[in-house]
Amino acid sequence: MNKAKLRRGLLSWAAVPVALTVVLTGCASGSVGGGTKATPAASDSKYASIIPKGDIVAASKKLVSDSLSASTGFTPKNTGPKAQQGGATVAFVGSDLTNGGVNTVSQGVKEAAKVMGWTVNVYDGKATAQGRTDALNQAIAAKPVAIVLGGFDPTEQAATIKTAAGAGIPLVGWHAGSAAGPGGGLFTNVSTDPLAVSQLAAAYAVADSNGKAGVAIFTDGQYEIAVEKAKAMEAYVKACTGCSVLSYQDSPIAEADSRMPGLISNLLQKDGDKLTYLLAINGNYFGGAQQALRAAGKDPAGTPKSVAAGDGDSAEFQRIRSVDYQAATVAEPLILQGWEIVDEVNRALAKTDWSGFVPAPGLITKANVPSGDTFDPASGYRDVYKKVWGK
């Protein structure tokens, strides 16, 4: 796969502000009124850290501007165990290999594992709970040194994960939960901070609209991280008193191509020109949305503008590059995360702690869209890992 070098448009990890005001929302939708200041609410809200205080439009514009000129958050730690168990086999169990993010991460894992002298066997969960159970069982039966969960929650597969643990097989996740770090029977979960991703996607809509965004949000309730992202975007938009959340849609990401045309057509009929932004937890939703928007005669560069909160795959980049019904995405460094997964597996095999590394996401727009298929920061992370591993 071609690797796009880092260009202007990266979100600095340090750019995520900690604020004291927020609106805590559920799944209800609706307008919040006029004005541009953040709406005061309980300081202990779950999403307090991502809601700017004061003028939320000005703060959102600064967030977007800062992200388009930042370049930090992509260099892993330069310490850790040397390469373990040369010649070993690792299993990568993907939630759905037709998902661009999952598939790209699996390729990053293969790339890094080759440096280790490991073999990676990939199993497809085929976008169903039973499919993931079957794939996990197949992986366990093959007796790998470790299993990677690619894009699904460990709680769904608690019994199967217990079986793997009983067999002495460590598990490392990617997007296997709502936060990075250990938990749920996993040695660790590799992810950006989902709240940072959601903050930037929502901030783009608020900033681009000058505080007048009319938003529909799309998520998939079977994934904890997807719900977390959607709720965070909802909270951010509702904190903008001139903006409104017109709809909150829970629709399976694996069925986006078939469901989105109808969903978008219905929303256009219901909300008309008030609907100016589509915020989704993944860019896969916008392939289907594109069909309905085109059928409705909507300007590919106009509203409603599509903005994804992860992961950033080649189809998204092409839509952004050609101004074809997608304005922005908050991309994750997927190949880097594949290398991080291999490093975490190596740490598990060496019986040390997880690295603690949480890479930053990056805002991608027409101004800085990669020329290739992936968002691959030029931070030298490959050389860092090779040195750590003694390769």
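Here are some friendly notes on this predicted model, set out as numbered points.

1. Let's begin with the overall picture. The chain has 391 residues, and 58% of them are buried. Its secondary structure consists of 11 helices and 13 strands. The accessible surface is about 14,400 Å², with carbon and sulfur atoms contributing 50% of that area.

2. A word on contact range. Taking the contacts in the chain with a separation of 6 or more, 78% are between residues 24 or more positions apart.

3. The nonpolar interior is a good place to look next. The largest nonpolar core has 78 residues, and those with the most contacts inside it are Ile147, Leu149, Phe218, Ile264, Leu278 and Tyr285. Helix α5 (residues 194-208) supplies the largest share of this core, with 10 residues. There is also a second, separate core of 38 residues, whose members include Phe92, Val105, Val109 and Ala360.

4. Tyr285 deserves a closer view. With neighbours within four places in sequence left aside, Tyr285 is in contact with Phe218, Thr219, Asp220, Ser251, Pro252, Ile253, Ala256, Met260 and Ala280. Among these partners, Phe218 is also listed with Tyr285 as one of the residues with the most contacts inside the largest nonpolar core.

5. Now for a charged side chain: is Arg132 buried or exposed? Arg132 sits in helix α3 (residues 129-141), and it counts as buried because its relative accessibility is 0%. Where does its side chain make a polar contact? The partner is the side chain of Tyr223, at 3.3 Å. Beyond four places in sequence, Arg132 touches Val93, Ser95, Gly125, Ala127, Phe152, Glu156, Gln157, Gln222 and Tyr223.

6. Strand β12 (residues 328-331) is worth following residue by residue, since both of its faces are covered. Ala328 and Val330 are buried on one side, while Thr329 and Ala331 are buried on the other.

7. Which strands pair with β12? Strand β11 (residues 305-308) does so in the parallel sense, over 2 bridges, with Ala308 standing opposite Thr329. Strand β13 (residues 362-364) runs antiparallel to β12 and is joined to it by 3 bridges; here Gly362 is the bridge partner of Ala331.

8. One last connection to trace by eye: β11, helix α9 (residues 314-321) and β12 make up a β-α-β unit, and this unit is right-handed.

How values were computed:
Residues numbered from 1 in each chain as written. Predicted model: local features only at pLDDT ≥ 70, side-chain atom pairs only at ≥ 80, totals over all residues. Heavy atoms only, no water. Helix = DSSP H or I, 4+ residues; strand = E, 2+ residues; numbered from the N terminus. Buried < 20%, exposed > 50% of the residue type's maximum accessible area, 1.4 Å probe, protein only. Polar contact = N/O pair within 3.5 Å; in protein donor to acceptor, adjacent residues only side chain to side chain. Contact = heavy atoms within 4.5 Å. Areas by Shrake-Rupley, 256 points an atom, 1.4 Å probe, with all protein chains shown as cover. Pairing = 2+ DSSP bridges. Right-handed = clockwise from strand over helix to strand, strands pointing away. Core = buried A, V, L, I, M, F, W, Y, C linked by side-chain atoms within 4.5 Å.
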